[in-house]
Amino acid sequence: MNRSFLLSLFFTTLAVICSGQVTGLVTDVNGEPLIGATVLLKGTDQGTITEVDGTYSLDAKDGVLVFSFTGFEAQEIPIEGKKKIDVVLQTANLNLNEIVVIGYGTQRKADITTAVVVVDEESIKNRPMVSAAEALQGKAAGVQVVQPSGKPGGDISVRVRGSTSVTAGNEPLYVVDGVPTTDIRGLNPADIASMTVLKDASSAAIYGARAANGVVIITTKRGKEGASTVTFNAYYGVSNLRRTVETLGTRDYRDLINEIIPGAYDPAWTNYTNWSDETFGVGQVQSYQLAFAGGNEKTRYLFSTNYLNQQGIVAPASFDRYSMRLNLDNQVNKWLKMGTNLNLLRSSTEDTPDNASSGRGGVIMSALNTPPFLRTYKADGSGQYDPNPFQPSWENPIAYMFGADQRSIDTRIFGNANLEATVFKGFSLKTNLGVDLNASQWDYYLDPFRTNFGRDQRGIGRASKSNSNIWLWENTANYQPTIGESRFGILVGSSLQQSTWSNSFISGFDFPTDTLVKTLNAANVVQGSTDVQEWALASFFGRISYDYKSRYLLTATLRRDGSSKLANPWGTMPSFSVGWRISEEPFMERFAGIYDMKIRVGWGKNGNQEGISNYAKYGLVSYFRRTPTNPLSGPASVQVSYGNPDLKWETTTQSNIGVDLALYRGRINFTADAYYKKTEDLILNVQLPSSLDINTIQTNAGTVENKGLEFGLSTVNTEGRALNWTTDLNISFNRNKVLDLQYTDVYFFGPIYSNNQDVAIVREGLPLGVFYGYVSDGVDPETGDLIFRDVNKNGIWDTGDRTVIGDANPDFTYGITNNLSWKNFDLSIFLQGSQGNDIYNATRIDLEGMFDSKNQSTTVLNRWTPENRDTDIPRARNLYNINNSSRFVEDGSYIRLKAVTLSYNVNPKSLERLKVQKMSVYVTGQNLLTFTNYSGFDPEVNAFGRSAVEQGIDYGTYPQARTLTAGVNVEF
């Protein structure tokens, strides 16, 4: 038996030797085995993953093994005949050699001299998102992200270091795989590899006249050399309303109406409908993604397809998106490589009207204001919606939701192709051709039967079609010589971008009574219009960078842009920045705890051509068809604007000083920045004499400043044992002020329909986004009237008593993320908040005004009456109740559990028989908890979307929802 055992052992050993099998153990620095680490034979698709004890086995005779694991630095080890290779992977706390994508190139993290922040794939994984901009919220210091509405597919407002403009754009420029755009709503977040935010002028100046509001460079995922992978990701979630606003029941409503309109209430109206329950429902979101990636030393590829569907908590709001992405990289030969990035998408959006009063079609306000005794439909079975007896034109919310059939469909092709030739070592030429093609269609039909408005108009039909074609051609030359211990980077380039947009619109009314007939040619009265607009931008730019021993760093940029929008089209935008890595100095060797320390200083100028009319230099004329009341022959025309030959784009000058500090091999990383940015030549619509046919002209007439502080802290709290825990914290302080206004002392914005007053003001010495109105000092116990403060001390209450009553700008914003892992479990907790911002709750004007037949909130149960004099709610039937005043200004501060994710990584050993390499399942809760004193649906709100001057106004805005999602990620 012993002889048999020895022979068996001999032949087994011989077989292992002949097969070339390599075995070993993969651990961290503390000796803990790493489960699921990847072991790959470089240049092939042959590989394996470590088992539960960290061991691996791979058939390989020679070559190089690549060991990698998420959160650790990869290692490459030649086999060289070895049969056992044990590896200790180092934690990738701070990789100073990490490559960061910047404008028209890349740079080592250690050599960056500007204010940039990177949000990587790891930061946003397992977090279901519809819009890519959501990934920035709470993750980047100096970047304020607000979701003005919870409506599916809605816009996201992004501010990089404050608002700089009143009428032009305030959103950053997005550069997706080298193609600039202002619209990333169609980009699939699951395709993103990293997002680099260029915050200061010296980092963004390479983009010139489009970079005043910062630049976000988005890099999508690409195939890698080695094993081919197939990944499947799916998630499904449900959502509901976070909190409700209580309104009066039928009996209390009857009592109130008898005070406001005595004798108007019919005692037979006894029905009760809870319109909030009828309006707000359960939403859902689902996404399915399939991706194929891989490649060899010549060609790498990534192909992904995705379907996303989001149904809102208030029907019929929905967003459907089908997307497809193809990224190819090909090394044609030793000196030439080619790349292609192509994104095809099609989205479909159904709208739920909001941000409007119940008398103007607003669903949210209608849900709160519709009399509770009304039914959804008439009791006669006709199928018509039950009309409001006090005001028939005010429909109930279900009529506003489903009365009209409407949908918009967008089809987009976005991408580029590039060639890069290496002429000699360190010198390359690159050409990039990009396209952004978009076809949009919107259709609307309101039948002539079910709604009161539809019956009045005998049916309404509208249709709009638009096409946008944008092309880009860029050429760059890049030279990176090394002379001794000095490294240089020299970049020169040119960019040409041209856009053509066309639109046709047609509308009609007086349709046949047959509701199946919806085509516009069936309408008896039809009107239409067409529009074509173009713009172009030509640019020339250059950048020089210098690095001595990675200790002394310098970057200088110059860009010159010419815009077709302006009569004086050319402008020059310079910038520079310097960096000093103090940690590389010999005298720092005695400070063992300091791993890396760098001071950065930068200055630069950027422009803002976004938001300028495409033909601002011309006086525009509009043509229209003559009517029977104007029977003269030929088309009629009217001038609609004055041209301004002196108009310039807004220019922002910014200075920045910052410090980057890493301690204890990167276990603690701290970043701090201070900045001052001044925007001159502010574009405003200046008032002209009323005797002129056109009362305004667009001109440069103001100056705005932003100044602030930003701090970021990342720590590795525990690692290498059973529990791993990291924390990321960022906090931002920004102060905004209008320094100068020319020609006009004050501008008013933010119209409120219910009181016909503007609530926002722009005035010298104030920040953008302040509220303007009367100061309410409570209720007079004798009369029940509101007491408005005599601000101007003239002894009477008049319009001169209006003053600043609130500020929508926060004192600071912040985000905190804790990531914990224990065995096969991962837990991520993300908190995000805003402190010190005010909200003007205009919804309360219609809920507490008590001036007409609208239903009110239960707050008015405490209204002033002769028997209830000690109250802060005024008496009913008083139009002064609805003046814009401090009564409706509330503290909008909040801290929100934005996302919490618990995931489980399935043991790789148990997946081998299924041919599955990795698998994880997770549960994510979004907006689960919100701590705020705001009385409305949600504190993250703005009825005026992304406006910089009309911020923080809630006027029946579609609220955000709480969402619970379950998902799975599988890699084959």
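These are my notebook entries on cavities, nonpolar cores and aromatic pairs in this structure.

**Ground rules**

I'm working from a predicted model, so to speak: local features need pLDDT of at least 70, side-chain atom pairs count only at pLDDT 80 or more, and totals for chains, interfaces and linings use all residues. Residues are numbered from 1 along each chain as its sequence is written, and side-chain values use heavy atoms, with hydrogens and water left out.

**Cavities**

I looked for enclosed space and found seven cavities of 30 Å³ or more. A cavity here is a set of points, on a 1 Å grid over the protein atoms alone, where a 1.4 Å probe fits but cannot get out; lining residues have an atom within 4 Å of a point. Points are joined across faces, edges and corners, and a volume is the space filled by probe spheres set on them.

The largest cavity comes out at about 450 Å³. I count 31 residues in its lining, and those closest to its centre are Val 130, Glu 134, Gln 147, Gln 310 and Thr 963. Four strands give two or more residues each to this lining: S17 (226-241), S18 (283-295), S19 (299-311) and S53 (961-971). S18 has the largest share, with three residues. Strands (E, at least two residues) and helices (H or I, at least four) are DSSP runs, numbered from the N terminus. By class, I get 11 nonpolar, 16 polar and four charged lining residues. For these classes, Ala, Val, Leu, Ile, Met, Phe, Trp, Tyr, Cys and Pro are nonpolar, Asp, Glu, Lys and Arg are charged, and the others, Gly among them, are polar.

The second largest cavity holds about 90 Å³. Its lining includes Tyr 104, Arg 210, Glu 474, Gln 497 and Arg 559. Strands S24 (460-479), S26 (486-509) and S27 (525-548) each give two or more residues to that lining. The split there is six nonpolar, three polar and three charged.

**Nonpolar cores**

Next I checked the cores, meaning sets of buried Ala, Val, Leu, Ile, Met, Phe, Trp, Tyr and Cys residues joined through side-chain atoms within 4.5 Å. Buried is under 20% relative accessible area, exposed is over 50%, and partly exposed is in between (1.4 Å probe, protein chains only).

The largest core has 31 residues, and among those touching the most other members are Tyr 253, Phe 280, Met 850 and Phe 937. Helices H4 (250-260), H6 (363-369) and H7 (397-402) give two or more residues each to this core. I followed Tyr 253 outward: leaving aside residues up to four places away in sequence, its contacts include Leu 248, Tyr 265, Phe 373, Phe 390 and Lys 854, with contact meaning heavy atoms within 4.5 Å. A second, separate core of 25 residues includes Met 129, Ala 133, Tyr 174 and Val 176.

**Aromatic pairs**

My search of the whole structure gave 37 aromatic pairs. Rings of Phe, Tyr and Trp (its six-membered ring) pair if their centres lie within 6.5 Å; planes under 30 degrees apart are stacked, over 60 edge-to-face, the rest tilted.

Phe 488 and Tyr 546 have ring centres 5.1 Å apart and planes at 50°, so I logged the pair as tilted. Phe 488 lies in strand S26 and Tyr 546 in strand S27, so the pair ties together parts 58 residues apart in sequence. Phe 488 is partly exposed at 29% relative accessibility, and Tyr 546 is partly exposed at 27%.

I also noted that ring pairs link Tyr 253, Tyr 265, Trp 269, Phe 373 and Phe 390 into a cluster.

How values were computed. 1 Å grid on protein atoms, 1.4 Å probe; cavity = no way out; pocket = protein on both sides within 12 Å on 5 of 7 lines; lining within 4 Å.
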